[in-house]
Amino acid sequence: LQRMLAMAVEVDRSPTCSSRKIADDIFPFILNIPLRSQREALLNTMESQLLRCRLLELLFQHSCDVPTTSSMSLDKVLYFLSHSSVLPQFQDETATWQRWDEMLQYLSLLLLSYHTFPLSSEHLRTSVSDRMKLIAQKAKARLQDSDDISQLDIQLKMNDFISRMQKTLGEPFPLQIQEKLFMLQ
């Protein structure tokens, strides 16, 4: 399945468009996956970073009271950090701290997936036939303006996020959450 999804993203002239179409079709099914382990298995084994990024973006858009229309960027990840509620209640009965833990896991995964775009010099967003030209030209990474965030922005958003979690969970946080917060920051 993962190989077929990766190939489906690649066959189009615009992998970005095809990943959006595929993600829009798959997303309702992800909301119906009953167990966290099954959701994580699907997302962790996804071969297409572009598709995984889009699916996670949809998941966070779904959990925001006010979804954003901006394109995927580091600024948008910070927006999700500030505006996402814990992920939707899936069919399994999980403790609140586990839902926060899952949210942190997916935020980290979103950052890792998105991080591959600038590193690959937009190669993931161009068709396979055009990709070879970019590699031959040794095209440099193009960052968006919304990827230029400061340490202060990160610290303020993390502090806000931690205070929202403290209101819900109390203190001290479980060790898993402390580790994920550190890793995310």
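Which helix does glutamine 61 lie in? Select glutamine 61 and you will find that it lies in helix 4. Keep in mind during this tour that you are looking at a predicted model.

**Stop 1: the whole chain**

Zoom out before going further. The protein has nine helices and zero strands, so a cartoon view shows the pattern α-α-α-α-α-α-α-α-α when you read along the sequence. Of its 185 residues, 44% count as buried. Now switch on the surface: the protein exposes about 10200 Å², and carbon and sulfur atoms supply 58% of that. Contacts also reach far along the chain. Among those between residues at least 6 apart in sequence, 67% join residues at least 24 apart.

**Stop 2: glutamine 61 and its surroundings**

Go back to glutamine 61 and show its side chain. Is this residue buried or exposed? Glutamine 61 counts as buried because its relative accessible area is 15%, and the cut-off for buried is under 20%. Leaving aside neighbours within four places in sequence, glutamine 61 is in contact with Pro67, Thr68, Lys76 and Phe80. Draw a distance from a polar atom of its side chain to the backbone oxygen of threonine 68, and you should read 2.6 Å.

**Stop 3: threonine 68 in the loop**

Next, select threonine 68, which sits in the loop between helix 4 and helix 5. Although this is a loop residue, threonine 68 is buried, with a relative accessible area of 17%. Its side chain makes a polar contact of 3.2 Å with the side chain of serine 70. Which residues touch threonine 68 once neighbours within four places in sequence are left aside? They are Gln61, Lys76, Tyr79 and Phe80. For one more distance, pick the C-alpha atoms of threonine 68 and histidine 83: they are separated by 9.6 Å, and the two residues are 15 apart along the chain.

**Stop 4: glutamate 57**

Stay in helix 4 and select glutamate 57. With 4% relative accessibility, glutamate 57 counts as buried. Beyond its neighbours within four places in sequence, glutamate 57 is in contact with Ser70, Met72, Lys76, Phe80 and Leu110. Phe80 should be familiar by now, as it also touches glutamine 61 and threonine 68.

**Stop 5: the aromatic rings**

Show the side chains of the aromatic residues. How many aromatic pairs are there? The count comes to three. Start with phenylalanine 60 and phenylalanine 80, whose rings are stacked, 5.6 Å centre to centre with 20° between the planes. This pair links distant parts of the chain, as phenylalanine 60 is in helix 4 and phenylalanine 80 is in helix 5, 20 residues apart. Both phenylalanine 60 and phenylalanine 80 are buried.

Now move to tryptophan 100 and phenylalanine 161. Their pair is edge-to-face, with 5.5 Å centre to centre and 65° between the planes. Here too distant parts of the chain are linked: tryptophan 100 belongs to helix 6 and phenylalanine 161 to helix 8, 61 residues apart. Tryptophan 100 counts as buried at 4% relative accessibility, and phenylalanine 161 does so at 0%.

Before leaving the rings, add Tyr79 to your selection: ring pairs link Phe60, Tyr79 and Phe80 into a cluster.

**Stop 6: the nonpolar core**

The largest nonpolar core has 43 residues. Try selecting those with the most contacts inside it: Leu51, Leu55, Leu107, Leu110, Phe161, Met165 and Leu181. Many parts of the chain contribute, including helix 1 (2–10), helix 4 (49–63), helix 6 (96–119) and helix 8 (151–169), each of which supplies at least two residues of this core. Click on leucine 181 and look around. Apart from neighbours within four places in sequence, leucine 181 is in contact with Leu104, Met158, Phe161, Ile162, Met165 and Phe173.

**Stop 7: the two sides of helix 9**

Finish at helix 9, and turn the view to look down its axis. Ile177, Lys180, Leu181 and Leu184 are buried. Why do they count as being on the same side of helix 9? They cover an arc of only 105° around the axis, so they lie on the same side of the helix. An α-helix has 3.6 residues a turn, so residues three or four places apart point the same way. On the other side of helix 9, color Leu175, Phe182 and Met183, which are exposed.

How values were computed:
Residues numbered from 1 in each chain as written. Predicted model: local features only at pLDDT ≥ 70, side-chain atom pairs only at ≥ 80, totals over all residues. Heavy atoms only, no water. Core = buried A, V, L, I, M, F, W, Y, C linked by side-chain atoms within 4.5 Å. Buried < 20%, exposed > 50% of the residue type's maximum accessible area, 1.4 Å probe, protein only. Helix = DSSP H or I, 4+ residues; strand = E, 2+ residues; numbered from the N terminus. Contact = heavy atoms within 4.5 Å. Polar contact = N/O pair within 3.5 Å; in protein donor to acceptor, adjacent residues only side chain to side chain. Arc of directions from axis to C-beta. Areas by Shrake-Rupley, 256 points an atom, 1.4 Å probe, with all protein chains shown as cover. Phe/Tyr/Trp six-rings, centres within 6.5 Å; stacked < 30°, edge-to-face > 60°.
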